[in-house]
Amino acid sequence: KNQLLLNEQKLDEIQSFDVANPVMEMHGVFKDEVIKLLTECGGKIIQIEDDKSLGEDWESFKYCVQKL
């Protein structure tokens, strides 16, 4: 497809958004991947806590990180 058709398709998708029924997508990342990313970017992990704010269906964590 040419760029104009792709842009029109994206515009149609945006315009068809249902304001009355918004959707929030959530995509999980494995804890080991988060730790690797934080340390590779120069972060020092101070603390990791279990976070049950998303309910029991998700395994989630809060990360306290210091920028080095």
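In which strand is glycine 43 found? Glycine 43 sits in strand β1, and the legends below start from the whole chain before returning to it. This is a predicted model, in which local features need pLDDT of at least 70, side-chain atom pairs count only at pLDDT 80 or more, and totals for chains, interfaces and linings use all residues. Residues are numbered from 1 along each chain as its sequence is written, and side-chain values use heavy atoms, with hydrogens and water left out.

**View 1. The protein chain follows the pattern α-α-β-β along its sequence.** Look for 2 helices and 2 strands; helices (H or I, at least four residues) and strands (E, at least two) are DSSP runs, numbered from the N terminus. Of the 68 residues, 7% count as buried, where buried means under 20% relative accessible area, exposed over 50%, and partly exposed in between (1.4 Å probe, protein chains only). Contact means heavy atoms within 4.5 Å. Among contacts between residues at least 6 apart in sequence, 30% join residues at least 24 apart.

**View 2. Glycine 43 is buried in strand β1.** Glycine 43 counts as buried because its relative accessible area is 13%. Its C-alpha atom and that of lysine 67 are separated by 4.8 Å, although the two residues are 24 apart along the chain. Leaving aside neighbours within four places in sequence, glycine 43 is in contact with Leu38, Val65, Gln66 and Leu68.

**View 3. Valine 34 belongs to helix α2.** Not counting residues up to four places away in sequence, valine 34 touches Val29 and Tyr63. The C-alpha atoms of valine 34 and tyrosine 63 are 9.1 Å apart, with their positions 29 residues apart along the chain counted as the separation.

**View 4. Leucine 54 lies in the loop between β1 (43-50) and β2.** Leucine 54 counts as partly exposed because its relative accessibility is 38%. Beyond its neighbours within four places in sequence, leucine 54 is in contact with Met26 and Ser60.

**View 5. Lysine 31 lies over the face of phenylalanine 61.** The distance from the ring centre is 4.4 Å. A charge sits over a ring if NZ of Lys or CZ of Arg is within 6 Å of the ring centre and within 35 degrees of the ring normal.

**View 6. The largest pocket holds about 320 Å³ of space.** On a 1 Å grid over the protein atoms alone, a pocket is an open set of points where a 1.4 Å probe fits, with protein on both sides within 12 Å along at least five of seven lines; lining residues have an atom within 4 Å of a point. Of the 14 lining residues, Gly28, Val29, Glu59, Ser60 and Phe61 are the closest to the pocket centre. Helix α2 (31-40) and strand β2 (61-67) each supply at least two residues of the lining.

How values were computed: Grid points are joined across faces, edges and corners, and a volume is the space filled by probe spheres set on the points.
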